[in-house]
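The following paragraphs lead the reader through a single protein model, beginning with one side chain and moving outward to the whole.

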Amino acid sequence: MSFTDSSEAPIYAGLVEEHGDVPAEVRRVAEETMREADRAIDFSDVRRSAAYR
C-alpha cells in the first residue's frame with residue numbers, strides 16, 4: 001500500500017514502475033528484522049528457568 005496516490009505524484013509512480021515500491025520493501029524488511037531481533041534477545045525463558053532453581 002502506498003501513502004501517495006499516483007495521480008498526485010506521477011514521478012513517484014514512474015519510479016515505482018521502474019524500481020518497485022522501495023519504501024514498502026524497506027518497511028517490510030525492517031519489520032522482519034525487528035521481529036527477529038525481538039526473538040534473539042527474548043530472555044523470558046531464562047528468567048523462568050532461574051525461578052525454578
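In this predicted model, Glu-25 has a relative accessibility of 40% and therefore counts as partly exposed. Its side chain meets that of Arg-28 in a salt bridge, with 2.7 Å from N to O. Arg-28 is likewise partly exposed, with a relative accessible area of 40%. The two residues stand three apart in helix α2, which means that about one helical turn separates them.

Arg-28 also forms a salt bridge with the side chain of Glu-32, at 3.1 Å from N to O. Glu-32 and Arg-28 are four residues apart in helix α2, about one turn of the helix. Glu-32 is partly exposed, at 31% relative accessibility. Glu-25, Arg-28 and Glu-32 are thus linked in a network of salt bridges, and a search of the whole structure finds two such bridges. Side chains of opposite charge can pair when their charged atoms come close.

The surrounding architecture comprises three helices and zero strands, in the pattern α-α-α along the sequence. In helix α1, residues 10-19, the number of buried residues is zero, so this helix lies largely in the open. Just after α1, Gly-20 takes a positive phi of about 85°.

Of the 53 residues of the protein, 2% count as buried. The protein exposes about 4900 Å², of which carbon and sulfur atoms supply 58%.

Confidence varies along the chain: helix α2, residues 22-40, has the highest mean pLDDT, at 95, and helix α3, residues 44-51, the lowest, at 68. For the protein, the mean is 82, and 72% of residues reach 70 or more.

Methods. Residues numbered from 1 in each chain as written. Predicted model: local features only at pLDDT ≥ 70, side-chain atom pairs only at ≥ 80, totals over all residues. Heavy atoms only, no water. Buried < 20%, exposed > 50% of the residue type's maximum accessible area, 1.4 Å probe, protein only. pLDDT = per-residue confidence, 0-100. Areas by Shrake-Rupley, 256 points an atom, 1.4 Å probe, with all protein chains shown as cover. Salt bridge = Lys/Arg side-chain N within 4 Å of Asp/Glu carboxyl O.
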